[in-house]
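Here are a few exercises to help you find your way around a new structure. Have a look at it first, then try each task before reading its solution.

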Amino acid sequence: MKRISLLLVDDDFNYRKIVQQLLETSGFEVNLATNGNDAFQHIKNQEFDIVLMDIQMPFMDGLTAVKLINELDNSERPIMVASSAFFSEDQKIKLKDAGFDELLVKPINIKEVLALSNRAHKTSIKKLTRQKMAILNQTIVQKLSKYGGKADLIPIYENFVEETSFLISKLKKVEPKKEAIITKSLLHTLKGNAGSVGADKLSSIAKRLEITIKENNFEDWHLHFQELEDFFLEFRINYRNLLT
Amino acid sequence: MEKSKKVLIAEDSSIIINLTKKIMEFEGYDLVIARNGQEVLDILKDQTFDVILMDINMPVMDGMQCTKAIRAHKDPKISKIPIIVITGNYKNYQPEDFKNAGVNEYLQKPLNFDKMVEYVKKYVDA
């Protein structure tokens, strides 16, 4: 089997040394970079399966770096993993928005890195497409605000949040495999609602879950469902600001 | 003053209802709400409308069944009401299926509300 290539990005020399050793013992091919800019140069010239990147670094931090990396025209984009001793809820959203696929808390657990590498390319490409989708599609907001102004839309979006909470709570109670029809119908409603108000990311993940059921492939159900909840949280936090 | 034109919407999603209500009222139409096909038939017992917006995927009686029931109605004031369906294509209906059922226009989800207004105007002002 091909060795998994990993780029370890951290400004701490000792940390790099220890983690490199750990990863190499587990079979990874490890390259090193010391800051965001250094990582960016590496990624421009070489393909990696995984980039494991510290957030706070001199010269260029992880947040800036991941944005640059995502702009590269690279279909075989690596899985971008942010690592830090602590992530606040706010930071989690910011990092995911900027284009990180996963967040790992330091100290790094090799098992978690291995688990990531198992679903390497497939997921990362899917995520790249989704990353470009808006939390709230402003073109749709503009269209809707023609009918009486933006401020009038707030109660409609509040109602959308309420209804979506309700749909998600119902979805949590059903068994997608055994109760496929009801699950599909709930997702269908969620998808249509979200799409109509311009909640593009939510709509796209509801669609993906719907496909999971149609294809009778429940392997990634929990992963996608977690994303649905993450996207919804992201939406709830941001929609008011995006409406003003 | 001229009486407002009446639009009936059959839809089980409160989001779509609220948005449609806001938009139709802005456009100066009177909007009546039904939550499923059966409610539509009940409302039509004593009211008539200039146009009906009909979701396809609804509980109790879906939009296709309801459209067929309206088209088969003995009162021509009811059987001839223009029907615009709203479809997320849950059941994979083809444009032909809608035409055969007597649907005048169809709107796909996610809804383009400008298109909805355009279609409603087309039939209401006809």
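**Exercise 1.** Find which strands of chain B the helix α1(B) lies across, and its angle to β2(B).

*Solution.* Keep in mind that this is a predicted model. Start at α1(B) and look for the strands it covers: they are β1 (6-10), β2 and β3 of chain B. Next, compare directions: α1(B) runs at about 165 degrees to β2(B). Now do the same for α6(B), which lies across β1, β3, β4 and β5 of chain B. Its angle to β5(B) is about 165 degrees.

**Exercise 2.** Work out the order of the strands in the open sheet of chain B.

*Solution.* Walk across the sheet and you meet five strands in the order β2-β1-β3-β4-β5, with parallel pairing. At the edges you find β2 (30-34) and β5 (105-108) of chain B, each of which pairs on one side only. From one strand to the next, the twist averages 20 degrees. Then zoom in on one pair: β3 (residues 51-55) and β4 (residues 83-87) of chain B are joined in the parallel sense over four bridges. Within this pair, L53(B) is opposite I84(B) of β4(B).

**Exercise 3.** Describe the side of chain B that touches chain A.

*Solution.* First count: 17 residues of chain B contact 17 residues of chain A. Then ask where those of chain B come from: α1 (14-26) and α6 (113-124) of chain B supply at least two residues each. The most come from α1(B), which gives eight. Finally, sort this side of chain B by character: nine residues are nonpolar, five polar and three charged.

**Exercise 4.** Decide whether α8(A) and α9(A) are roughly parallel or antiparallel.

*Solution.* Chain A has 11 helices and five strands, so pick out the two you need by their residue numbers: α8 covers 153-173 and α9 covers 180-197 of chain A. The two helices pack at an angle of about 160 degrees, with their axes 10 Å apart. Because angles over 145 degrees count as roughly antiparallel, α8(A) is roughly antiparallel to α9(A). Their crossing is left-handed. To see who meets whom, look in α8(A) for residues including Y157(A), F160(A) and L167(A), and in α9(A) for residues including L186(A), L190(A) and V197(A). The residues of this contact divide into seven nonpolar, four polar and two charged.

**Exercise 5.** Find what share of the residues of chain A count as buried.

*Solution.* Take the 244 residues of chain A: 32% of them count as buried. For a second view of the chain, consider its contacts with a separation of 6 or more: 62% of these are between residues 24 or more positions apart.

How values were computed
Residues are numbered from 1 along each chain as its sequence is written. Chains are lettered from A and ligands numbered from 1 in the order in which they are written. This is a predicted model: local features need pLDDT of at least 70, side-chain atom pairs count only at pLDDT 80 or more; totals for chains, interfaces and linings use all residues. A residue is buried if 20 or more other C-beta atoms lie within 10 Å of its own, exposed if 12 or fewer, and partly exposed in between; C-beta atoms are placed from the backbone. Two residues are in contact if their C-beta atoms, placed from the backbone, lie within 7 Å. Ala, Val, Leu, Ile, Met, Phe, Trp, Tyr, Cys and Pro count as nonpolar, Asp, Glu, Lys and Arg as charged, and the others, Gly among them, as polar. Two strands pair if DSSP finds at least two bridges between them. Axes are lines fitted to C-alpha atoms, for helices over the stretch in contact, and angles run from 0 to 180 degrees between N-to-C directions. Angles under 35 degrees count as roughly parallel, over 145 as roughly antiparallel, 65 to 115 as roughly perpendicular and the rest as oblique. A crossing is left-handed if the near helix is turned anticlockwise from the far one by less than a right angle, and right-handed if clockwise.
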